[in-house]
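Okay, thanks for making time, everyone. Let me put the structure up on the screen and we'll walk through one part of it together.

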Amino acid sequence: MEKFYITTAIYYLNDKPHIGSVSEAIAADVIARYKRLRGFDVFFSTGTDEHAQKIEERARKEGIDPQEFVDRASSVWRGIFDDFGISYSRFIRTSDKDHIEVVKHFFQKLYEKGDIYLGTYEGWYCVRDATFLKDSELVDGKCPICGGPVQKIKEDNYFFKLSKYQQKLSKYYEEHKNFMQPPHRYNEVKNVIESGLQDVSVSRKSFKFGVPVPFDEKHTIYVWFDALLNYLTAVGFLHDEAMFNKYWPADLHLIGKDITRFHGIVWPAMLMSYGLPLPKAIFAHGFWNLEGQKMSKSTGNVVNPSEFAKNFSKLAKISEKASIDVLRYYLTREVTFGQDGNFKMETYLSRYNSDLANDFGNLLNRTVSMLYKYFNGEIPNGEIDPEAKGFIENEKNKYFDEMDNYALSYGLEYLWNIVGYLNNYIQVKKPWTLKTDRKNLANVIYTLLEGIKVVTVLLSPIMPFVADTILKSLGTAELNSNWGTLGKGHKVDKLPPIFPRIEKEKINLTTKKEEKEEEKEMIEYDDFARLDLRVAKIIAAERVPKSRKLIKLTISLGDEERTIVGGIALHYNPDELVGKKIIVIKNLKPRKLMGITSQGMLLAATNENEFSLLTLDRDVKEGSKIS
Ligand code: MSP
């Protein structure tokens, strides 16, 4: 079995978990669960970074021992990770005994090698980020990372000969273009290496909470030197040779964009100095902001993920576990992984209502209620529709490709293509018209259930709790995305609507819409006559790549052909559109949708549950005017 070792950064304990920091653990968990699904032997480590100067200060303020402080704070993090389904293999703490041994050993080795030497550091230090800073790096005299105050320090420190590794690092980057991802982070770090590296301080004398330098106990090993080594300890370095040889090097270090230099420069140089293989890849994700503002504890602009999930569960009337899954879904779906994201209640609600309540929830509810209506809730002895299977397998492979490249949001888009397809499958097959054709009815319902199972299994890395509930009710606890695994005859649990729409939002939106409609109510004939409405014949239709909703149509207006783009992919398959005569607005200003210029707009009738293109009652030739 191929192994996959994934890590998150380890978290400082001076802050409580917020949505931003938890988002990294969630992303790592999505990848870990996805890799398990694909048959990898996954080791997933996360944990807490405890030896910070700030901790010593905080504990002193509270009048408690720093160790007591970190024990308490670390268990808060671990508790939240457990609640959020973070499926770590090891929750490492830098105060763990085996880790402290690793840090001492590693420091000693580099010292013996001549790569660590005693010198004097004079410059700035940011306690919050535990970072040494040069004059030129300060922004308005403050830390460029957190914007907080910096201290001027002058003390004897041990230094690591980072400069010695500049050439080697440069060459390594040249030969390993995927070492740091996404590509713009690779370029950024490579440029820093090429602009010259200085030796870095790796010990502090002015505080004690941490690992002492083994041969000079007046010094405490610098928190970053200590923290980076967690990646080795977690998989048994020095303590379990077989395990270490199996999992090291790490396949993926997942980190935020603020700590690329420690991971992309200092860490590989430390490993080179010791003589260990380097991690295969480092992926730096972006930052979550809150309603457009930087998340910051000092300004109170943070969201506590547990409280948020609890409150949302009450609002949506769903379980807390389902609500946690909604949050996991939103964080994964809302941004292209690697870029910054803006956490906004408005988009949160609309994602919930459209993707989860309308698309996925409806599919499930409609299918299960038909199963009850026609088969008393028992999975019928039907056959899988090869056409549906073909479409879904195709989208599934695209989902695999995206997930393999950590393009998590695109992966979800392909899953939603399957959801859209299955919703449309119900519209097209109209099971309610097949009551007398039991064989066909069984095939349709069975195909829907199998399709739902495939989608749910593929969704399980992102929404593990909801997936588990659905799969259990379908009678399969197994995470198997192959076809034909459902037990025929199994009675499916009648679940309450999985994601009920949030009415509160609907009421608000309806009010707004109604006001607008009133304003528009009376128009003159001339207003209507300004619209050039025509009959158009669809000559060709294809899905717009990477879009869930859009279809590109080539239409004929009799004397000319045009391209129009319509948001109908959730309701129609391209194949069934060709040949249809529809109504379009001819004189609408062209506009670009996903890079394609749409020259006009098609008309459709729609409400919350139904959708139909406007077609003709009798055949009329294309290009004819509508008046
Ligand atoms: N302890 C160091 C990491 C040592 S790893 C050997 C540290 N800790 S941290 O608690 O400040 O940050 C932990 C991770 O959370 C980092 O990868 C950081 O980028 C990430 N995030 C912190 N705030 C974040 C957001 N607002 N959004 C997304 N990720 C965020 O740095």
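I'll talk about one helix, then some aromatic rings, and then two charged side chains.

One thing up front: this is a predicted model.

So, helix α11, which runs over residues 305-316. How far apart should the ends of its twelve residues be? At 1.5 Å a residue, the expected span is 16 Å, and the end C-alpha atoms are in fact 16 Å apart, so the two agree.

Now, which residues of α11 are buried? That would be Pro305, Ser306, Phe308, Ala309, Phe312, Ser313 and Ala316. If you look down the helix axis, those buried residues sit within an arc of 160°, so they line one face of α11. Flip to the other side and you find Glu307 and Lys314, which are exposed.

What sits on top of the buried residues? The cover includes α1, α3, α12, β17 and α13. Keep α13 in mind, please.

A quick look at the two ends. At the start of α11, a side-chain oxygen of asparagine 304 comes to within 2.9 Å of the backbone nitrogen of serine 306. After the helix comes lysine 317, and its phi is positive, near 60°.

Okay, rings. The model has 53 aromatic pairs. I'll pick out phenylalanine 312 with tyrosine 352: the ring centres are 5.2 Å apart and the planes are at 80°, so this pair is edge-to-face, the cut-off being over 60 degrees. Phenylalanine 312 belongs to α11 and tyrosine 352 to α13, so to speak two distant parts of the chain, 40 residues apart, linked by this pair.

Are these rings buried or exposed? Phenylalanine 312 has a relative accessible area of 3%, so it is buried. Tyrosine 352 is at 0%, so that one counts as buried as well.

Tyrosine 352 also forms an aromatic pair with phenylalanine 499, again edge-to-face, at 5.9 Å centre to centre and 85° between the planes. Where is phenylalanine 499? You'll find it in the loop between α17 and α18, 147 residues away from tyrosine 352. Phenylalanine 499 is buried too, like tyrosine 352.

Last bit: charges over rings. Arginine 38 lies over the face of phenylalanine 400, 3.6 Å from the ring centre. And lysine 494 lies over the face of tyrosine 372, at 4.6 Å from the ring centre.

That's my tour. Over to you.

Definitions and conventions. Residues are numbered from 1 along each chain as its sequence is written. This is a predicted model: local features need pLDDT of at least 70, side-chain atom pairs count only at pLDDT 80 or more; totals for chains, interfaces and linings use all residues. Side-chain values use heavy atoms; hydrogens and water are left out. Helices (H or I, at least four residues) and strands (E, at least two) are DSSP runs, numbered from the N terminus. The expected span of a helix is 1.5 Å times one less than its number of residues. Buried means under 20% relative accessible area, exposed over 50%, partly exposed in between (1.4 Å probe, protein chains only). The arc is that of the directions from the helix axis to the C-beta atoms. Contact means heavy atoms within 4.5 Å. A polar contact is a pair of N or O atoms within 3.5 Å; within protein, one must be able to donate a hydrogen and the other to accept it, and residues adjacent in sequence count only if both atoms are side-chain atoms. Rings of Phe, Tyr and Trp (its six-membered ring) pair if their centres lie within 6.5 Å; planes under 30 degrees apart count as stacked, over 60 as edge-to-face and the rest as tilted. A charge sits over a ring if NZ of Lys or CZ of Arg is within 6 Å of the ring centre and within 35 degrees of the ring normal.
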